[in-house]
Amino acid sequence: MSTHSNRRILIIDDNAAIHEDFRKILCPATGDFDRIEAEFFREATPARSQPGFEIDSAFQGEEGVAKVRASLAEGKPYAMAFVDVRMPPGMDGVETAEQLWGLAPSLQVVICTAYSDYSWAEMLNRLGASDRFLVLKKPFASVEALQLACALCEKWRLTEEARDRLAETERIVAERTSELRAANEQLHGEIEQRQQAEAHLLRAQRLESIGTLASGIAHDLNNMLAPILMSADLLRSQVPEDALELIDLIEASGDRAARVVKQVLTFARGIEGDRLPLRPIQLVREMEKVIAETFPRSIHLGSHVPGDLSMVEGDATQLHQVLLNLCVNARDAMPEGGDLRIEADDFEVDEHYASMLPGARPGHYVRVRVSDTGDGIPPHLLEKIFDPFFTTKPLGKGTGLGLSTVVGIVRSHEGFIDVRSEVGKGTTFEIYLPSASGEKAVGGGETAAAPVGHGELILVVDDEKAVRDVTESVLARHGYRTLSAGDGAEAITVFASQNGNIDAVFTDIMMPLVDGVALCRVLRKIDPNVRIMAATGLSDENRADELRALNVGHVLGKPFTTNSLLAALAETLTPPRSPAFLGGGELRTEFPGLAALLPPGGAPLVELASEGRRGVFVEAFAEVERGIE
């Protein structure tokens, strides 16, 4: 039944005559007179209309309560009830009204009383100051009962409609609130993602700035370390035997400093190192020293590496960085202390095993295992730990680049990585590197004797005077003759003035005015057969490609040792070249800008490199460069 047409009324009274009176008032029967009048006038006058009511009767309060309960169960509630006050022997009207409202709070109640069984104050005290009930004194006029029935049924309808509208409004508000809450959470998530992206961007920019700064510092440090390492070798023959231990210490410290600089550059710029046969046990032993010196005493280190373990081919600095990153992560996972273990063994990967690990291929590998007893990694994070910038550490405690760097290095070595973890029990990383069995490891065997020269003339070009001086001293001690120049401009004049007598040019790459690459380009035009080797304190792939295109035999990384310099130079000079330089002090005619620098009378070209003529020389050199292009 629709709430908009509910006109059900319950009469609760112990007097049957009262029920008949209410039915006559609220549901009057159509009389014969009314029917005859309608027929006679043929509906000329409107028939009197009275709203129809559905009347139910109950003769005791308990019966009335039962009928209200049944009507609610059927979904046909009563809109109002006329309740007599005195209904012996059962409940009186006030108690009945209380129970009715316990079942149907919106039921409108009219208390009918013939005399004052309850005072008005007593009724208010029992039923409360409510608009749900009225008092009707007996005897009452028919119009009073009819008006009350019409008004209270309408009031019930309006109350129900208001309740429905309120419920609908609350539903809409709840729905909109839920949508707004979801939108707000999404917005907060997007804001958080944006903040994280901005933090990652700032961190990447900061790392890039650090890389640029590190490159500049590394260049200067390498120029400082180069003369130290070469001077140490020169001093061996000039100091007493009891001082040789100090020379070894200087060399070891300088070499260690050079490796540190290289490692910084590897991290900052991702440079590619030399791939040489290595013994994993040496990497583990170095890592043990780092852990012993820097990790908390609460971290207990254990290791096991067989003495006959196969070698691997790779860059020692990069693989050292892999172990360092994994060990640092293990340390951070054990803030209260724990066990850190490094192990290595030979492992054969078959087709079945390779199919279970991404990036794995069948073959013989050296497996390096780093395990800890720390917090462990939840399963839902295992797939994300290798993503760049992903970190579970607090802001400022980690860059999120450690494990992504590890993966990059391992893959560049044609290996793969596996990880197993259990929350509360620890994590194990396994690094698989292809073995290089049968090759001689770096550091094994005796050092071969350094090759010596036979009077060849070498032009040394470097803007660092200390590097030039030490390099010249080393070469002179080992049988070479030398000339030197402080930059590319001066080197051109010296080279041209020697009429093809220079056997090789050893030049730095990073120099002011005219750098090493530009110098090599011009030297190739002047003498296509000139032997050139270079040195640099930085690693720049673009420059390396240019040098390879110019057929530069060797590019030594600063700081270089005496043996590496002499070995590279000997290889550069082998076999002896056939002179192709135009003798007699003449220059190639396709360089009129450079030829114009020759003053009348054939003054030495080296004078043109003096400070007074430097600007003229550089301007002419630029013309030569344009001619080459």
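These legends describe close-up views of a predicted model.

**View 1. The largest nonpolar core holds 36 residues.** Leu326, Cys327, Leu340 and Ile431 touch the most other members. Seen by element, two or more residues each come from helix 8 (280-294), helix 9 (316-332), strand 9 (338-349), strand 10 (363-372), helix 11 (402-412), strand 11 (416-422) and strand 12 (426-434). Helix 9 gives the largest share, six residues.

**View 2. Cys327 and its contacts beyond four places in sequence.** Cys327 is in contact with Met287, Ile291 and Phe295. Leu340, Ile342 and Val370 are also among its contacts. A second core, separate from the largest one, has 24 residues. Its members include Leu459, Ala491, Val494 and Val552.

**View 3. Thr471 sits in helix 12 (residues 465-477).** The relative accessible area of Thr471 is 0%, so this residue counts as buried. Leaving out residues up to four places away in sequence, Thr471 touches Met230, Val460, Phe506, Phe560 and Leu565.

**View 4. The largest cavity has a volume of about 110 Å³.** The model has three cavities of 30 Å³ or more. Lining the largest cavity are Pro280, Leu283, Val284, Val312, Leu319, Val322, Leu323, Val368, Ile431 and Leu433. Helix 8, helix 9 and strand 12 each supply at least two residues of this lining. By class, the lining has ten nonpolar residues, with no polar and no charged ones. Ile431, one of the lining residues, is also one of the four named core residues that touch the most other members.

How values were computed. Residues are numbered from 1 along each chain as its sequence is written. This is a predicted model: local features need pLDDT of at least 70, side-chain atom pairs count only at pLDDT 80 or more; totals for chains, interfaces and linings use all residues. Side-chain values use heavy atoms; hydrogens and water are left out. A nonpolar core is a set of buried Ala, Val, Leu, Ile, Met, Phe, Trp, Tyr and Cys residues joined through side-chain atoms within 4.5 Å. Buried means under 20% relative accessible area, exposed over 50%, partly exposed in between (1.4 Å probe, protein chains only). Helices (H or I, at least four residues) and strands (E, at least two) are DSSP runs, numbered from the N terminus. Contact means heavy atoms within 4.5 Å. On a 1 Å grid over the protein atoms alone, a cavity is a set of points where a 1.4 Å probe fits but cannot get out, and a pocket is an open set with protein on both sides within 12 Å along at least five of seven lines; lining residues have an atom within 4 Å of a point. Grid points are joined across faces, edges and corners, and a volume is the space filled by probe spheres set on the points. Ala, Val, Leu, Ile, Met, Phe, Trp, Tyr, Cys and Pro count as nonpolar, Asp, Glu, Lys and Arg as charged, and the others, Gly among them, as polar.
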